[in-house]
Amino acid sequence: MPTTTPPPAAPSLPGELLEEIFLRFPPDEPSFLMRASLASKLWFVLLTGPNFQSRYREFHGSPPMLGFFCNQIDGSDLEEEEKPVSHFVPTTKFGSCISKEDWIETDYDVWDCRHGHVLFGQKGRRSTEFIVRNPMTACWTEVHTPKRYMGGDNRGAAVFCAMTGCDHRPCHEGPFRMAFVCLYLGVGEEDDDSIVYAGVSLPQMCNWSNSCSKFLSKPCSEPWSKRWSNSSGLHVPSGAWIDSVPPVLIEDSLYFMISYYDGACIEVLKYDLSSNCLSLIDGLPVEDVFADATRLIAMEDTNLGLAHVDRLTLYLWSRQMGYNGVPSWTQRIVIDLNNLLPVRNPNRRLKLIGSVEGSDIIFVTIDFGIYEINLKSLRWKTITKTESLCALIPYMSFYIPKEMEERPATQMRLTDDVGLNMGLPLGRWR
């Protein structure tokens with residue numbers, strides 16, 4: 001039989017053109033870049049190169065949400081034994097280097113998540129043991145809190161990038177700082193007076209060598225007690241309580257929500273990190289604003305925002321400077337969610353459960369559904385169908401093949417169905 005010559009190989013595209021194509025792969029579907037990196041050695045070298053890494057982050061701007069962290073689920077039967085709940089819920093085909101089950105920690109809660117770092121603390125707001133974890137590498141480091149913080153009756157905490165001038169796109173393995181606020185009851189001039197103290201750690205690159213999936217009692221190489229700068233105390237009215245939701249970071253200040261008594265009065269505790277000073281911001285000039293229906297927002301215009309709901313109506317306020325040079329709350333928008341979301345006659349009250357810092361995006365839950373709402377465009381999408389969460393802490397990060405290259409081969413899942421056993425595809429924008 002006559003021999004046939006194989007057809008000539010298709011000409012390969014120039015590297016510059018390939019890079020322009022790969023730049024347009026959506027960052028909220030990281031599996032696209034993973035699969036492309038496995039197609040050929042040329043593509044792998046291109047996608048893991050520093051030039052593409054930098055251009056990809058710059059091209060897409062803000063990092064996407066790869067999933068969210070949560071602590072507990074509403075609606076559980078209190079008579080039954082409490083079941084452990086996974087802290088991390090992926091919203092993309094995100095092939096994390098640890099399985100979903102590895103995020104189940106019965107002794108820890110998620111307190112904060114920012115700039116690629118996740119802060120875990122022992123259950124309850126009296127926690128004195130904390131862990132900072134990097135989801136990309138599964139590494140963690142233990143944090144030792146100052147003695148002043150350990151004695152507080154109520155407390156809040158935050159974690160954030162320590163690099164000056166960072167755009168917070170590739171900084172999940174860089175140095176971080178932590179801040180704590182603690183409330184002491186009945187220690188003022190009067191018996192019912194309260195005092196709030198705060199402290200912030202010095203920028204440190206801690207020991208990230210701990211790579212096991214479970215938390216162990218291994219401290220950092222240096223004692224954290226020597227790394228703190230503490231503020232003077234701030235007297236707050238009787239009945240004040242630091243709310244358990246994560247704070248928001250705007251420029252060099254952290255903002256914690258303060259509630260009183262039955263949660264019907266809201267104020268804001270400001271911790272200025274540059275001056276190491278605490279101050280109290282008055283609440284909204286309206287009545288019946290409850291803590292479980294309110295969330296602080298770090299808005300896209302860098303103003304402090306506050307959103308609260310009353311039945312199916314959402315009110316958005318922002319803290320702006322008045323003509324007299326005095327900042328005050330200004331109502332920005334009122335949204336009828338009954339005409340926006342695909343929910344009619346809900347069986348449960350709508351709740352605000354989270355927001356994305358530096359954007360006008362909030363998360364609400366109602367009738368076993370979680371929805372993401374853009375307050376500027378009024379577009380929404382379904383995040384997941386699940387039981388109502390008490391709080392949603394978004395995990396924002398780029399996930400490109402560079403991280404995969406640095407992980408041990410035993411932790412890499414690079415098949416065509418990467419992440420399918422973990423991921424829940426995002427809903428379409430409406």
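Leu284 is in contact with Ile266, Val289, Leu306, His308, Trp317 and Trp329, neighbours within four places in sequence being left aside. The model is predicted. In this model, Leu284 sits in the loop that runs between β16 (277-281) and β17 (294-298). Despite the loop setting, Leu284 counts as buried, because its relative accessibility is 12% and the limit for burial is under 20%. One of its contact partners is Trp317. The two residues are 33 apart along the chain, and their C-alpha atoms are separated by 8.2 Å.

The wider architecture frames this site. The protein has 430 residues, of which 52% count as buried. Its secondary structure comprises six helices and 25 strands. Contacts between residues at least 6 apart in sequence were also classified by separation; 58% of them join residues at least 24 apart.

Strand β1 provides a second buried site. β1 covers residues 65-69, and five of the five are buried, so the strand is largely enclosed by the rest of the structure. Two pairings involve β1. With strand β25 (residues 393-396), β1 pairs in the antiparallel sense over four bridges. Within that pairing, Gly67 stands opposite Tyr395. With strand β2 (residues 88-90), β1 again pairs in the antiparallel sense, here over three bridges. Phe68 stands opposite Val89 of β2.

Thr91 adds a side-chain link to β1. Thr91 lies in the loop between β2 and β3 (108-114). Its relative accessible area is 1%, which means that Thr91 is buried. The side chain of Thr91 reaches the backbone nitrogen of Gly67 at 3.4 Å. Gly67 therefore belongs to a strand with five of five residues buried, stands opposite Tyr395 in β25, and is reached by the Thr91 side chain.

The loop after β3 holds a backbone feature. His115 lies between β3 and β4 (117-122). Phi of His115 is near 55 degrees, a positive value in a residue other than glycine. Most residues other than glycine have a negative phi. At 17% relative accessibility, His115 counts as buried, because the limit is under 20%.

Helix packing was examined around α1 (residues 15-23). The buried residues of this helix are Leu18, Glu19, Phe22 and Leu23. Viewed down the axis of α1, they fall within an arc of 135 degrees, so they line one face of the helix. These buried residues pack against α2 (31-37), α3 (41-48) and α4 (50-60). For the pair α1 and α3, the axes come within 11 Å and cross at roughly 65 degrees. The crossing is right-handed. From α1, the contact is made by Gly15, Leu18, Glu19 and Phe22; from α3, by Leu42, Trp43, Leu46 and Leu47. Leu18, Glu19 and Phe22 are among the buried residues of α1, and they also take part in the contact with α3.

An open sheet is formed by four strands in the order β21-β22-β23-β24, with antiparallel pairing. The edge strands, β21 (351-356) and β24 (380-385), each pair on one side only. Neighbouring strands of the sheet are turned against each other by 25 degrees on average, direction ignored. Strand β23 (residues 369-374) is joined to β24 by five bridges, and the two run antiparallel. Gly369 has Lys385 as its bridge partner in β24.

The connection from β23 to β24 shows further local detail. Asn374 is placed in β23. Its side chain reaches the backbone nitrogen of Ser377 at 3.1 Å. Leaving aside neighbours within four places in sequence, Asn374 is in contact with Asp360, Ile361 and Arg379. Leu378 lies in the loop between β23 and β24. Phi of Leu378 is near 60 degrees, again a positive value in a residue other than glycine. Leu378 counts as partly exposed, because its relative accessibility is 34% and this class lies between the 20% and 50% limits. The two positive-phi residues thus fall in separate loops: His115 between β3 and β4, and Leu378 between β23 and β24.

Methods: Residues numbered from 1 in each chain as written. Predicted model: local features only at pLDDT ≥ 70, side-chain atom pairs only at ≥ 80, totals over all residues. Heavy atoms only, no water. Pairing = 2+ DSSP bridges. Axes fitted to C-alpha atoms, helices over the stretch in contact; angles between N-to-C directions. Buried < 20%, exposed > 50% of the residue type's maximum accessible area, 1.4 Å probe, protein only. Contact = heavy atoms within 4.5 Å. Polar contact = N/O pair within 3.5 Å; in protein donor to acceptor, adjacent residues only side chain to side chain. Arc of directions from axis to C-beta. Left-handed = near helix turned anticlockwise from the far one by under 90°.
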